[in-house]
Amino acid sequence: MVSTNAAGAALRDWRPTDPGQRALREAFLGFLAARPEDACLRSCEPGHLTASAVLLDHDGRNVLLTLHPRVGRWIQLGGHCEPEDATLADAALREAEEESGIDGLILEPEPLHLDVHPITCSLGLPTRHFDVRFVARAPEGAQERISEESVDLRWWPVDRLPTDTDSIPELVSLARTRILPGSVRR
């Protein structure tokens, strides 16, 4: 299971350039310090760390999004940390592979973005997800397979994203900047 120490180390090592992301990183570290035993467990009712991945195709021209049954919108792949995950990056990669049905994803090990959002997840109670977001790239020719965790799963051109998303355009822009040297943020 992702330990509070492992999660904290990943966040402390990350150096976001955006002041808002730096402030949010400090809030995540404060949450980890306040909940050293269960911050990464879905049973932590006040909230818990989750991990997700913005999955780009091999060329970085398309992003794979899931129509999430609980959220009701197109979002990046991701979810709760599980016992087999040693790090947040491990959790993000596992979730992306499970939800996409694609093997051989390449995950950038450094976080891309942080977000806190209210949600009623598997506990059945209102809580918060402290989501640590990563960027992943699919191998050339990868074919997605929908899982039981999605209503739909679709590759979206990065310049024609669905309109009912919150931070997806920003995340896709950040992800492309990270993996495509010389790319321009939109």
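**Salt bridges, ring pairs and a pocket**

User: What do the side chains of Arg133 and Asp131 do?

Analyst: They meet in a salt bridge, with 3.0 Å from N to O. Bear in mind that this is a predicted model.

User: Fair enough. Are those two, Arg133 and Asp131, buried or exposed?

Analyst: Arg133 is buried, and Asp131 is buried as well.

User: How many salt bridges does the structure hold?

Analyst: Twelve. One of them joins Arg42 to Glu82, where the closest N and O atoms sit 2.5 Å apart. That pair links distant parts of the chain, 40 residues apart: Arg42 is in the loop between α2 and β1, and Glu82 is in the loop between β4 and α3.

User: And why do you class Arg42 as partly exposed?

Analyst: Because its relative accessible area is 30%, and the partly exposed class runs between 20% and 50%. Glu82 falls in that class too, since its value is 21%.

User: What about Arg94 and Asp85?

Analyst: Their side chains form a salt bridge at 2.8 Å, N to O. Both Arg94 and Asp85 are buried. There's a network here too: salt bridges with shared partners join Glu84, Asp85, Arg94, Glu95 and Glu98.

User: Switching to rings. How many aromatic pairs are there?

Analyst: The count is three. One of them is Phe28 with Phe130, an edge-to-face pair with 5.4 Å between centres and 80° between the planes.

User: Why does the pair of Phe28 and Phe130 tie together parts that are apart in sequence?

Analyst: Because Phe28 belongs to helix α2 (residues 19-34) and Phe130 to strand β7 (residues 126-137), so the pair connects parts 102 residues apart in sequence. Phe28 counts as buried because its relative accessibility is 0%. Phe130 is buried as well, at 5%.

User: What else does the tryptophan side offer, say Trp74 and Trp156?

Analyst: Those two form an edge-to-face pair, 5.2 Å centre to centre with 75° between the planes. Trp74 is in strand β3 (residues 74-75) and Trp156 in strand β8 (residues 152-157), so this pair ties together parts 82 residues apart in sequence. Both Trp74 and Trp156 are buried.

User: Which residues do ring pairs link into a cluster?

Analyst: Phe28, Phe31 and Phe130.

User: OK, new topic. Where is Leu171 found?

Analyst: In helix α4 (residues 168-179). Leu171 counts as buried because its relative accessibility is 0%.

User: What is Leu171 in contact with, leaving aside its neighbours within four places in sequence?

Analyst: Val54, Gln76, Leu112, His113 and Arg133. The Arg133 in that list is the residue that forms the salt bridge with Asp131. As for Leu112, its C-alpha is 8.0 Å from that of Leu171, with their positions 59 residues apart in sequence.

User: Last one, pockets. What volume has the largest pocket?

Analyst: About 670 Å³. It is lined by 31 residues, and the closest to its centre are His68, Val71, Ile75, Ile119 and His129. Elements giving two or more residues to the lining are β1 (48-56), β3, β4 (77-80), α3 (88-100), β6 (113-120) and β7.

User: Which element has the largest share of the lining?

Analyst: That's β6, with four residues.

User: And how do the lining residues divide into nonpolar, polar and charged?

Analyst: For the largest pocket, eight are nonpolar, twelve polar and eleven charged.

Methods: Residues are numbered from 1 along each chain as its sequence is written. This is a predicted model: local features need pLDDT of at least 70, side-chain atom pairs count only at pLDDT 80 or more; totals for chains, interfaces and linings use all residues. Side-chain values use heavy atoms; hydrogens and water are left out. Rings of Phe, Tyr and Trp (its six-membered ring) pair if their centres lie within 6.5 Å; planes under 30 degrees apart count as stacked, over 60 as edge-to-face and the rest as tilted. Buried means under 20% relative accessible area, exposed over 50%, partly exposed in between (1.4 Å probe, protein chains only). Contact means heavy atoms within 4.5 Å. On a 1 Å grid over the protein atoms alone, a cavity is a set of points where a 1.4 Å probe fits but cannot get out, and a pocket is an open set with protein on both sides within 12 Å along at least five of seven lines; lining residues have an atom within 4 Å of a point. Grid points are joined across faces, edges and corners, and a volume is the space filled by probe spheres set on the points. Ala, Val, Leu, Ile, Met, Phe, Trp, Tyr, Cys and Pro count as nonpolar, Asp, Glu, Lys and Arg as charged, and the others, Gly among them, as polar. A salt bridge is a side-chain nitrogen of Lys or Arg within 4 Å of a carboxyl oxygen of Asp or Glu.
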